[in-house]
Amino acid sequence: MGWARTLLLGDIGNRLDIADTEQDIGEIRHELASKHNLDESQDDAIRRLQEENQQLELCMAALVKTLQRKGIFTQTEVENLVLMID
């Protein structure tokens, strides 16, 4: 309705158009901020999962080494296990 407001209301119409545009910009800023927050929270979750995965890999490696040292796994069995996991 922008041009009609300006034509009918003059400066008041212009001010109403500016107010509408400012409101639209505010809404867009809010949407972008929300998306940014969502992206950050997803990035944090991914980072935590990667750290947890590394810890689990270390635990698994330590467990397999311990079982191999105790003679429960042979070197061939360990190699086969590693191939299955990868």
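Student: Why does R47 count as partly exposed?

Tutor: In this predicted model, local features need pLDDT of at least 70, side-chain atom pairs count only at pLDDT 80 or more, and totals for chains, interfaces and linings use all residues. Residues are numbered from 1 along each chain as its sequence is written, and side-chain values use heavy atoms, with hydrogens and water left out. Buried means under 20% relative accessible area and exposed over 50%, with partly exposed in between (1.4 Å probe, protein chains only). R47 has 43% relative accessibility, so R47 counts as partly exposed. D44, at 34%, therefore counts as partly exposed too.

Student: What makes the contact of R47 and D44 a salt bridge?

Tutor: The term requires a side-chain nitrogen of Lys or Arg within 4 Å of a carboxyl oxygen of Asp or Glu. The side chains of R47 and D44 meet at 2.7 Å, N to O, so the definition is satisfied. The structure holds 1 salt bridge.

Student: Why are R47 and D44 separated by about one helical turn?

Tutor: They are 3 residues apart in helix α2 (residues 11-69). A helix here is a DSSP run of H or I with at least four residues, numbered from the N terminus.

Student: Which element gives the largest share of the lining of the largest pocket?

Tutor: The largest share comes from α2, with 7 residues. Lining residues have an atom within 4 Å of a point of the pocket, an open set on a 1 Å grid over the protein atoms alone, where a 1.4 Å probe fits, with protein on both sides within 12 Å along at least five of seven lines.

Technical notes. Helix = DSSP H or I, 4+ residues; strand = E, 2+ residues; numbered from the N terminus.
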